[in-house]
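Q: I am new to this structure. Please take a close look at one part of it, the largest pocket, and at how the helices that line it pack together.

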Amino acid sequence: MLSHSRPKPLRTGRPRSAAADEAILEATRASLVDLGWSKLTMSDVATRAGVAKTTLYRRWAGKNELVVDAVAVLFDELELPDLGSLSADVQAVVLQFAALLKRPETQTALMAVVAESTRDEALRARIRDSIVDRQKRLVLQGRQRAQERGELPVEQDEAVAATTDDLIFDVIAGAVVHRALVSAEPVDEDWARRFTVLLLAGLGSAASA
């Protein structure tokens, strides 16, 4: 008895190119620096990236989504080093974060999407999903490491632990962004050290309470 195998369906469309994505996101950041949010267009980004405008729209619905992703990949560069203590780890990531914020493309892109998000709830949600929630991985890594070293207690209540993670992230991100971009003051080794002392003292007090 002959068996007839069903032919596999052919895949349609071109496969997505990582190189094209990288070129598009880099072109987006360059356009923001040169033109600002209001003058940036999908056409300009496509021209700079050397791709068709339809290529952009196959990947991103519009400018908001594109710019958020262009910012998000910059923050994905952040890594939490393992320097043997929570204090050293926090100071190192704070200095990394500050160095990232000094880059013109980061400053322009971040300030642009944050300003625009005050008028656009969907954009605010995308920032939360693509940037904020993704970078909370650094807090989770840092707390787990510190707990394994015995530097921080393990919180048994998952809801309380999640709230603490959010607070730590908000304090670090808020302080560094305000210092670097709002106050335009340096985030140097001395500031990072003093900030870390204050943060860890707060965590110790919260654990005692």
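A: Start with one pair: helix 5 passes helix 8 in a right-handed crossing. Here a helix is a DSSP run of H or I with at least four residues, numbered from the N terminus. Right-handed means that the near helix is turned clockwise from the far one by less than a right angle.

This is a predicted model, in which local features need pLDDT of at least 70, side-chain atom pairs need 80 or more, and totals for chains, interfaces and linings use all residues. Numbering runs from 1 along each chain as its sequence is written, and side-chain values use heavy atoms, without hydrogens and water.

Back to the pair. The axes of helix 5 and helix 8 come within 10 Å and cross at roughly 40° (lines fitted to C-alpha atoms over the stretch in contact, with angles from 0 to 180 degrees between N-to-C directions). Helix 5 is therefore oblique to helix 8, a class left for angles that are not under 35, 65 to 115 or over 145 degrees.

Which residues meet? Helix 5 brings Val94, Phe97, Ala98 and Leu101. Helix 8 answers with Ile172, Ala173, Val176, Val177, Ala180 and Leu181. Contact means heavy atoms within 4.5 Å. This contact has 10 nonpolar residues, with no polar and no charged ones. Nonpolar covers Ala, Val, Leu, Ile, Met, Phe, Trp, Tyr, Cys and Pro; charged covers Asp, Glu, Lys and Arg; the others, Gly among them, are polar.

Now the pocket. The largest pocket holds about 690 Å³ of space. A pocket is an open set of points on a 1 Å grid where a 1.4 Å probe fits, with protein on both sides within 12 Å along at least five of seven lines; lining residues have an atom within 4 Å of a point.

Its lining has 33 residues. Nearest the centre lie Phe97, Phe169, Ile172, Ala173 and Gly174. Phe97, Ile172 and Ala173 also belong to the contact of helix 5 with helix 8. By class, the lining has 25 nonpolar, 4 polar and 4 charged residues.

Helix 5 (86–102), helix 6 (104–117), helix 7 (121–149), helix 8 (158–182) and helix 9 (189–208) each supply at least two lining residues. Helix 7 gives the most, with 10.

Helix 7 also packs with helix 6 at about 135°, their axes 8 Å apart. That angle makes helix 6 oblique to helix 7. Val113, Val114, Glu116 and Ser117 of helix 6 touch Glu121, Leu123, Arg124 and Ile127 of helix 7. These residues divide into 4 nonpolar, 1 polar and 3 charged.

Conventions. Points joined across faces, edges and corners; volume = space filled by probe spheres on them.
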